[in-house]
Amino acid sequence: ELGVTKDIVLLEEGRKIYIHNCTKCHNALRISRYTQQEWDGILPDMIRKSKLSSAQAMQVDAYIKAVLLSSSTVAR
């Protein structure tokens, strides 16, 4: 068990939260529109406003980081 299945489930849940919860107040933004540093400043406030649980916050944070990592490796 390499944890791959667990990671996929974590990222899928983060994606669902991003798509369904984050769009209640605004359009879903292209994640790569912001840098990781910018997301680090944006997410805490959005998590608080949307009243996500700590588990949900971790899931959406992991999803955003994965998308940014994927975007940066594709761009190279």
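Rings of Phe, Tyr and Trp, the last represented by its six-membered ring, form a pair if their centres lie within 6.5 Å. In this predicted model, Tyr-18, Tyr-34, Trp-39 and Tyr-63 form one aromatic cluster on that basis. The points below treat the aromatic pairs, the surroundings of Tyr-18, and helix 2, to which Trp-39 belongs.

**Aromatic pairs**

- A pair of aromatic rings is described by the distance of the centres and the angle of the planes.
- The rule yields a count of three aromatic pairs.
- For Tyr-18 and Trp-39, the ring centres are 6.3 Å apart and the planes stand at 70 degrees; planes over 60 degrees apart count as edge-to-face, so this pair is edge-to-face.
- This pair links distant parts of the chain, since Tyr-18 lies in helix 1 and Trp-39 in helix 2, 21 residues apart.
- Tyr-34 and Trp-39 also make an edge-to-face pair, because their planes are at 85 degrees, with ring centres 5.5 Å apart.

**Burial of the paired residues**

- Trp-39 has a relative accessibility of 4% and therefore counts as buried, the limit being under 20%.
- Tyr-18 is likewise buried, its relative accessible area being 7%.
- Tyr-34, with a relative accessible area of 22%, is partly exposed.

**Surroundings of Tyr-18**

- Tyr-18 is found in helix 1, which covers residues 4-20.
- Apart from neighbours within four places in sequence, Tyr-18 is in contact with Thr-23, Ala-28, Leu-29, Ile-31, Trp-39, Val-60, Tyr-63 and Ile-64.
- One of these contacts, Val-60, is 42 residues from Tyr-18 in sequence, yet the two C-alpha atoms are 6.2 Å apart in space.

**Helix 2**

- Helix 2 comprises 15 residues (residues 36-50); at 1.5 Å a residue it should span 21 Å, and the 20 Å between its end C-alpha atoms agrees with this.
- Ile-42 marks a kink of about 30 degrees in helix 2, shortly before the proline Pro-44.
- Trp-39, Leu-43 and Ile-47 are buried in helix 2.
- An α-helix has 3.6 residues a turn, so residues three or four places apart point the same way.
- After helix 2 comes Lys-51, which has a positive phi, near 60 degrees.

How values were computed. Residues numbered from 1 in each chain as written. Predicted model: local features only at pLDDT ≥ 70, side-chain atom pairs only at ≥ 80, totals over all residues. Heavy atoms only, no water. Helix = DSSP H or I, 4+ residues; strand = E, 2+ residues; numbered from the N terminus. Expected span 1.5 Å × (residues − 1). Bend = angle between axes of the 7 residues up to and from the residue. Buried < 20%, exposed > 50% of the residue type's maximum accessible area, 1.4 Å probe, protein only. Contact = heavy atoms within 4.5 Å. Phe/Tyr/Trp six-rings, centres within 6.5 Å; stacked < 30°, edge-to-face > 60°.
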